[in-house]
Amino acid sequence: MKLSYFAAGVVFCLALAGAVRPMSSQETSTARAIVTASSKTAEDVTTVPRQSITLQENRKTQEVTGWVPLRGQRSGLQLVVLMDDSSGGNLGLQLNDLRAFLTALPPTTQVAIGYMRNGTPNLVQRFTNDHAQAAKALRLPSGQAGINGSPYFCLSDLVKHWPGGYSNVRREVIMVTDGVDRYSGGRFNPENPYVQAATTDAQKAGVIVYSIYYRGAGRADRNLVVSDGGQNYLTQVSGDTGGKVYLEGFGNPVSFAPFLSDIQRKLQNQYELTFVSSAKPGLESIKVKTSQPNTTLQWPARVPVGSGTGPQ
């Protein structure tokens, strides 16, 4: 009888060990992030060697398994220009700069145009490689104060229902807006739930957001506290998704051309970084560094890791 108990114990331990082994093999997965490199020199295209790249996931160094420049055959891009329909009518002065930017994009870029209104992106042009056609879709905003209560509702809706479906190309947004969230008051709140939700949705979908600050119609943007709140929200969303915010004080920029030129350089200098993740499925914070001199990197604050995450 004692032998039977002993044998049963051995069998149980072996079964337990067998159950544990498959779990350990599932503790790691491959994750992906789009990283933008900027050179302090005047060169338009940077070359950042893979061996110069290190990555930490939640402060733990992880193995970098891939570092691919997104050029040539890998230059595919889906870009949405998202305009705030409550912007002031003088935004029309910037449309020629936007048209010039769009028509100069490479043929591997698909462009869509949307106008933020009543919490939705309202696409007036779905993705097309005909950049001249996309440029023609640009129009003056309606200029009605308050017609777009929150650009973050629009951003969330866009990235959740990405009009191009899922494909293995970059997905990026240029958002022109004052950034004011009228549903939560004008004053900046770093824990704003709508801003956080839009940021999280973009991170889950792997979407990079560039923001150009432009004042809206109506009285709200005449208040410096409100304008400051909007700019801080745009900085938060763009920075946490791997993009950048562009602004000139609290007023409207004289020209979008310098901003769009900088965005164009960034689009030419992006890399697909893949790495080994030991975290559970979800969004995890990362930090990317390079030993390459005179080079700075931008990356999303959090990326999807584990099976079943990432763009759908």
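Contact means heavy atoms within 4.5 Å. Helices (H or I, at least four residues) and strands (E, at least two) are DSSP runs, numbered from the N terminus. This is a predicted model, in which local features need pLDDT of at least 70 and side-chain atom pairs count only at pLDDT 80 or more, while totals for chains, interfaces and linings use all residues. Residues are numbered from 1 along each chain as its sequence is written, and side-chain values use heavy atoms, with hydrogens and water left out.

**Exercise 1. Describe how helix H5 packs against helix H6.**

Step 1. Two packed helices are described by the angle between their axes and the distance between the axes. Axes are lines fitted to C-alpha atoms, for helices over the stretch in contact, and angles run from 0 to 180 degrees between N-to-C directions.

Step 2. H5 covers residues 193-205 and H6 covers residues 224-241; their axes are 9 Å apart, at an angle of about 20°. H5 is therefore roughly parallel to H6, a label for angles under 35 degrees (over 145 is roughly antiparallel, 65 to 115 roughly perpendicular and the rest oblique).

Step 3. The crossing of H5 past H6 is right-handed, meaning that the near helix is turned clockwise from the far one by less than a right angle (anticlockwise would be left-handed).

Step 4. Now find the residues: from H5, Val195, Thr199, Ala202 and Gln203 meet Tyr233, Gln236, Val237, Asp240 and Thr241 of H6. Sorted by class, this contact has four nonpolar, four polar and one charged residues. Here Ala, Val, Leu, Ile, Met, Phe, Trp, Tyr, Cys and Pro count as nonpolar, Asp, Glu, Lys and Arg as charged, and the others, Gly among them, as polar.

**Exercise 2. Do the same for helix H4 and H5.**

Step 1. The axes of H4 (residues 151-160) and H5 come within 9 Å and cross at roughly 20°. H4 and H5 are therefore roughly parallel to each other.

Step 2. This time, H4 passes H5 in a left-handed crossing. H4 brings Tyr152, Phe153, Leu155, Ser156, Val159 and Lys160 to the contact, and H5 brings residues including Tyr194, Val195 and Ala202. The classes are 10 nonpolar, one polar and two charged residues.

**Exercise 3. Is Gln264 buried or exposed, and what does Gln264 touch?**

Step 1. Look in helix H7 (residues 257-268), where Gln264 lies.

Step 2. Gln264 counts as buried because its relative accessibility is 18%. Buried means under 20% relative accessible area, exposed over 50%, partly exposed in between (1.4 Å probe, protein chains only).

Step 3. Setting aside neighbours within four places in sequence, Gln264 is in contact with Phe101, Ala104, Leu105 and Pro106.

**Exercise 4. Which residues touch the most other members of the largest nonpolar core?**

Step 1. A nonpolar core is a set of buried Ala, Val, Leu, Ile, Met, Phe, Trp, Tyr and Cys residues joined through side-chain atoms within 4.5 Å.

Step 2. The largest core has 31 residues, of which Met83, Phe101, Leu102, Ile113, Ile212, Phe256 and Ile263 touch the most other members. Among the elements giving two or more residues to this core are helix H2 (95-103), strand S6 (109-116) and H7.

Step 3. Follow Leu102: not counting residues up to four places away in sequence, its contacts include Val81, Val111, Ile113 and Ala135.

**Exercise 5. Where is Arg99, and how many residues separate Arg99 from Ala135 in sequence?**

Step 1. Arg99 is found in helix H2, and counts as partly exposed because its relative accessibility is 27%.

Step 2. Arg99 and Ala135 are 36 residues apart in sequence, with their C-alpha atoms 4.9 Å apart in space.
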